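User: I would like to learn how to read a few features of a structure with you. Could we take them one at a time, with the general idea before the case?

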Amino acid sequence: MNWKRITICGGGNGAHALTAFLLKNSSSRLVLYLPLKKEFKRFQAVKNGKTPFILIFKGKEFTIPTDRLYITSNPEEGAAADLIILVLPAFAHKDILNSLAPYLRSGAVLAALPARSGFEFEAVEILHQYRKEGIVIAGFQTFPWACRIKEYAKSVEIYGQKTMVGVGSLPSYYRDSISRSFNKLLKLEFIPYNNMLELTLNNQGQIIHPGIMYGAFLDKLSKLYQRDEIPLFYRSVDEKTADLLECMSREILNVKKSIEDNFSLKLEAITSISRWMIESYADDIEDKSTLFKMFQTNQSYQSLRVPVKPVNGLYQIDVKSRYLTEDIPYGLLVSRAIAELADVSTPKIDEVIEKTSRWIGAQYLINGKLKGKDLVKTRIPQNFGLDSLKAIVEMVLKNHHA
Ligand code: NAD
């Protein structure tokens, strides 16, 4: 695919990293769409000063000219592209899709990096509302980098890079050309997935983030920490938490099996958490003998701390972090809702959802049933009129555009 004009939506850590890599590797015209006025002004001020962008990657500093970068807060300018990449938390997808949809051009690729779960349900519904045809929807199974902004609009640091990232599309036959084009653009291995349902069910963040919050931090929620005592997030996985993650992963694999047994679609990309970890991090992991050891020895997992909030000069674990507010309603709950349609029981996933949703003040499952009042704000398929597995399968296999 020859994308002459690419738009990146978002002004956070991930958008900084993607902007830097695309400026470095591609020759396309790049537009950064920043609907939040404050972010737009900060970027504009730096760009007007003609400062180059700094990318810090594998201990090296790359100085990247920004002449090809155009900054806008106007959705019409943002949508005027061959490829539009949303680099946003999943709860912001809806607002951004609504702002861009009226202006999207037929033939454009609309991609979410990462997609999280149920992106395709939401995107199809919004494109229908605006009577938009001929748009290709794409999603990525994970975000390729662990990264943080060093200085806003000026520099970003990459702490780790995954070896491979899955990509799915709707219509699904675009997946090969999209993954090939991204291989070239980002010099990473993008693996085509058969369909977008594989993205939803193979979203490993939905297992890892809520699973660790519940398994490793349940008894530490009221504890106050000095700054240098804040526990590392992934390194806090003990053997019991690793068992919980494996159990949640097995429940998702049961859903996969049930769908494959009853429908003719391939879901081979949906894999166990251990296999996904080995495939994504490869040589970054020193000891691959057990999942517990992989968490302990994965180089990419050695610096990130559990999210905290300040309390009286100390720090307390922040349960309202994305690990729950994004990864439950736009992740685990979507898979749980699909499990219900497949008639597969998911006791461990239910336990994690029921307990952690109380922490964030949300109600999704009541006595194991999808009856909570906050379900309307989630991306479960039932919210988009997809009330059966047959309807979901037909949708992801559809061979015409949204
Ligand atoms: P971030 O918090 O740094 O940035 C979020 C950005 O989203 C904001 O800066 C803003 O531009 C935009 N945004 C948020 N709400 C919005 C709204 N209502 N309207 C318009 N714009 C809005 O987040 P991030 O680190 O860039 O993460 C983006 C996605 O990538 C998330 O799904 C995250 O879980 C995932 N991810 C990030 C990393 C990482 O290392 N940064 C790693 C893995 C996955």
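User: Let us start in the loops. Where does P114 lie?

Analyst: This is a predicted model, and P114 lies in the loop between β7 (109-112) and α5 (119-129). The thing to read here is omega, the torsion of the peptide bond: the bond from L113 to P114 is cis, with omega near 0 degrees.

User: Which peptide bond has omega near -5 degrees?

Analyst: That is the bond from L170 to P171, which is also cis. P171 belongs to the loop that runs between β11 (164-170) and α6 (175-186).

User: And phi? What is the phi of K58?

Analyst: For phi, look at the sign together with the residue type. K58 is not a glycine, yet its phi is positive, at about 50 degrees. You will find K58 in the loop between β3 (53-57) and β4 (60-64).

User: Now the ligand, please. How many residues surround the ligand, and which are the closest?

Analyst: Start with the shell, counting residues with a heavy atom within 4 Å. Here 22 residues surround the ligand, and the closest are G11, G14, E39, R322 and E326. By class, the shell has 11 nonpolar, 5 polar and 6 charged residues.

User: What distances should I look at for G11, E39 and C147?

Analyst: Look at pairs of N or O atoms, and note whether the protein atom is in the backbone or the side chain. For G11 it is a backbone N or O atom, 2.8 Å from an oxygen atom of the ligand. For E39 it is an N or O atom in the side chain, with a ligand oxygen 2.5 Å away. C147 brings in a polar backbone atom, which is 2.9 Å from an oxygen of the ligand.

User: How much of the ligand's accessible area does the protein cover?

Analyst: Compare the ligand on its own with the ligand in place. On its own it has 820 Å² of accessible area, and the protein covers 79% of that. As for location, the ligand sits in the largest pocket.

User: Which elements give two or more residues to the shell around the ligand?

Analyst: They are α1 (13-25), α4 (93-100) and β9 (145-151). The top contributor is β9, with 4 residues.

User: Let us finish with enclosed space. How many cavities of 30 Å³ or more does the structure hold?

Analyst: The general idea is simple: rolling a probe the size of a water molecule over the atoms shows where empty space is left. In this model there are 2 cavities of 30 Å³ or more. The largest has a volume of about 50 Å³, and the second largest about 30 Å³.

User: Which residues line the largest cavity?

Analyst: Its lining consists of F43, V46, K47, T51, F53, T66, L69, I71 and A153. Both α2 (37-48) and β5 (69-72) supply at least two of the lining residues, and α2 has the largest share, with 3. Sorted by class, the lining has 6 nonpolar, 2 polar and 1 charged.

User: What lines the second largest cavity?

Analyst: Here the lining is L201, E251, I252, V255, S335, R336, A339, T346 and I349. Two helices, α9 (239-262) and α13 (328-342), each give at least two residues to it. The classes are 5 nonpolar, 2 polar and 2 charged.

Technical notes. Residues numbered from 1 in each chain as written. Predicted model: local features only at pLDDT ≥ 70, side-chain atom pairs only at ≥ 80, totals over all residues. Heavy atoms only, no water. Polar contact = N/O pair within 3.5 Å; in protein donor to acceptor, adjacent residues only side chain to side chain. Areas by Shrake-Rupley, 256 points an atom, 1.4 Å probe, with all protein chains shown as cover. 1 Å grid on protein atoms, 1.4 Å probe; cavity = no way out; pocket = protein on both sides within 12 Å on 5 of 7 lines; lining within 4 Å. Sits in = over half its atoms within 2 Å of the grid points. Nonpolar A, V, L, I, M, F, W, Y, C, P; charged D, E, K, R; others polar. Points joined across faces, edges and corners; volume = space filled by probe spheres on them.
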